[in-house]
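Please examine the sequence and the structure shown below. The report that follows describes selected local features in turn.

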Amino acid sequence: MNFTGKGVSRGVAMGRIHYIGQAMDIVENEPIENVEHEIARFNIARAEAAKQIGEIAVRTSNKLGKEKSLLFEVHQMMLEDLDYRESVESIIASELCCAEHAVSETAKEFSQVFSEMDDPYMQARAADVLDVSRRVVEILQGKQHQQSFFAQPVILAGQDFAPSETALLDPKTTLALLTVGGSANSHTAIFARTMGIPAVIGLGSALGESWDGHFCVIDGETGEVILDPTPEEIEVIEKKRAAQIESIQRLEAFRGKPAQTKSGRRVELFANVGNVRDAALAMQNDAEGIGLFRSEFLYLESRDYPTEDEQLQAYKAVAETMQGRMVVIRTLDIGADKQVKYFNLPVEENPAMGLRALRICLTRPEVFKTQLRAIYRASAFGRVAIMLPMVASLWEIQKAKELAAEVRAALDEEGTAYDKAVPIGIMIETPAAAVISDILAQEADFFSIGTNDLTQYTLAVDRQNQALESFVQKDHPAILRLIETAVSSAHKAGIWCGICGELGAEQSLTAKFLEIGVDELSVTPPAILPLKKHICELD
Ligand code: PEP
Ligand code: MG
């Protein structure tokens, strides 16, 4: 039987399905007599859950890096949350029901609230509250929590996977992931892509308990899933897999070589990363540098403003990992789809056009200066550049540079070491910035074109809205003209211009980008070698 979902992590896989049910759905209501005793049971289980999550955090941190483990602090916070605790306790007291039932009811109610929120980050918390509550229920029931490591390699299937499950998956025993729901921005998709586990999400109600134990083949690129495949279908997928392995092996020939066309046109291939661990992946995938370090993930994964020292540790680790290769650290780009609660940003009608990125930094200079200090201090340990997101006007760069100068003056006064020549570049991701790029080039040390937002703002298509997919034309002449304008302005001013949006990895446009004169392409680590091969084969 054939099914199609959304392929969110490339690769083909085949194996038996292990379907993970949801403990939340099967918690019976057992009447009780002693309310206080039941509340005490809940609190003991809550403490045990917090302890287990703490242990997972340590394992995750060792395995995947500190950023990934910060998610579990969110889980621990949920267990401490007063509303959550009061809800469980009041259900026990008012319904005279067992703690298991009260936790499951609270979990369902809270996850419903999260999933109905507009913000994708908050929607993703629905899975977290279910995950945490499932752990508490299993402790109350005296069960071992669902083991994430399996003796035999399996294809894991479920409603959606909670971060604690996906983060701890072992790529050696997890062949692929299948989910009923989920989105390309969910933790499942992000972790799967990071670990190279093929994944198909959004299979809908077709996927259920009945799939457990069935043999299946999946293609994480096309979203195709074949349950109980025929020998012929298996043969097709085996051929696909063999071809995939072969093409990955062929890419090895390009490792260490420059990305250069047959006619000698050279382009630099950099990596986009979101954390320290991804920097190691960038090196493994032969990146010549990091063209976009999305520093906002440090803020997104923190419970409070990351301190200067915490940021310094992250930037320093990335700079050191890259061993002298350029690391372009983009300053905080929150707002719009990336909301951070402790920033207490106002609710906006049009958040994509709201108080975001550099606009927040310029209105909260103390937050911005803390980040700039950390970046400058990290520059003593590697080759670092600063990149400003969402620039639309000249004064924004000038103001940001003034604040950077103040930071440098303070560091000088303290005698703190930093690289005095850290370049300050900007992203070209608003149509305004592209149109006045000749003016902006007078103040910027480099340009990097953010085609994701540039497309959103130029074509007026919300990048979060899947219903608009057919209106997004990758090679829209308006986008190409803006790219051309930015590159030409950069070169006239004697600065370099790269692309760090997803379009940079779009091979159907590579020749066009080279023709336009793009100097650098910054893409996800696994996209580097395939892109290099493509460039080397171009005339
Ligand atoms: C972009 O907008 O193209 C970009 C690279 O930034 P982000 O996707 O993080 O908004
Ligand atoms: Mg952007």
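Ala 374 touches Glu 308, Gln 311, Leu 312 and Tyr 315, where residues up to four places away in sequence are not counted and contact means heavy atoms within 4.5 Å. Ala 374 is placed in helix α14 (residues 365-378); helices (H or I, at least four residues) and strands (E, at least two) are DSSP runs, numbered from the N terminus. With a relative accessibility of 0%, Ala 374 counts as buried. The term buried denotes under 20% relative accessible area, exposed over 50%, and partly exposed the range in between (1.4 Å probe, protein chains only). The C-alpha atoms of Ala 374 and Ser 61 are separated by 22 Å, and the two residues are 313 residues apart along the chain.

The model is predicted: local features need pLDDT of at least 70, side-chain atom pairs count only at pLDDT 80 or more, and totals for chains, interfaces and linings use all residues. Residues are numbered from 1 along each chain as its sequence is written, chains are lettered from A and ligands numbered from 1 in the order in which they are written, and side-chain values use heavy atoms, with hydrogens and water left out.

**The magnesium site and helix α18**

Glu 429 (OE) and Asp 453 (OD) coordinate the magnesium ion (ligand 2) at 2.1 to 2.2 Å. Donors are N, O and S atoms within 2.8 Å of the metal (3.2 Å for Na, K and Ca); water is not among the atoms, so sites may look incomplete. Glu 429 belongs to the loop between β13 (424-428) and α16 (431-435), while Asp 453 belongs to helix α18 (residues 451-459), so the pair ties together parts that are 24 residues apart in sequence. Both Glu 429 and Asp 453 are buried.

How much of α18 is buried? Eight of its nine residues are, so α18 is largely enclosed by the rest of the structure. The buried residues are Thr 451, Asn 452, Asp 453, Leu 454, Thr 455, Gln 456, Tyr 457 and Leu 459. Their cover includes β10 (289-294), β13, α16, β14 (446-449), α19 (477-492) and β15 (496-499).

Thr 455, found in helix α18, counts as buried at 12% relative accessibility. Leaving aside neighbours within four places in sequence, Thr 455 is in contact with Ala 460, Val 461, Val 472 and Ile 479. Ala 460, just after α18, takes a positive phi of about 55 degrees.

**Helix packing**

Two packed helices are described by the angle between their axes and the distance between the axes. Axes are lines fitted to C-alpha atoms, for helices over the stretch in contact, and angles run from 0 to 180 degrees between N-to-C directions.

The axes of α18 and α19 cross at roughly 125 degrees and come within 10 Å. That makes α18 oblique to α19; angles under 35 degrees count as roughly parallel, over 145 as roughly antiparallel, 65 to 115 as roughly perpendicular and the rest as oblique. The crossing of α18 and α19 is right-handed; a crossing is left-handed if the near helix is turned anticlockwise from the far one by less than a right angle, and right-handed if clockwise. Thr 451, Leu 454, Thr 455, Thr 458 and Leu 459 of α18 make the contact with Ala 478, Ile 479, Leu 482 and Ile 483 of α19. By class, this contact of α18 with α19 has six nonpolar, three polar and no charged residues. Ala, Val, Leu, Ile, Met, Phe, Trp, Tyr, Cys and Pro count as nonpolar, Asp, Glu, Lys and Arg as charged, and the others, Gly among them, as polar.

Helix α20 (residues 507-516) packs against helix α21 (residues 528-536) at an angle of about 55 degrees, with the axes 10 Å apart. That makes α20 oblique to α21, and their crossing is right-handed. On α20 the contact is made by Gln 507, Thr 510 and Leu 514, and on α21 by Pro 530, Leu 531, His 534 and Ile 535. The residues of this contact divide into four nonpolar, three polar and no charged.

**Loop residues with positive phi**

Most residues other than glycine have a negative phi, and most peptide bonds are trans. The table lists two loop residues.

| Residue | Phi | Loop | Relative accessible area |
|---|---|---|---|
| Gln 323 | near 45 degrees | between α12 (308-321) and β11 (326-330) | 61%, exposed |
| Asn 344 | about 50 degrees | between β11 and α13 (358-363) | 62%, exposed |
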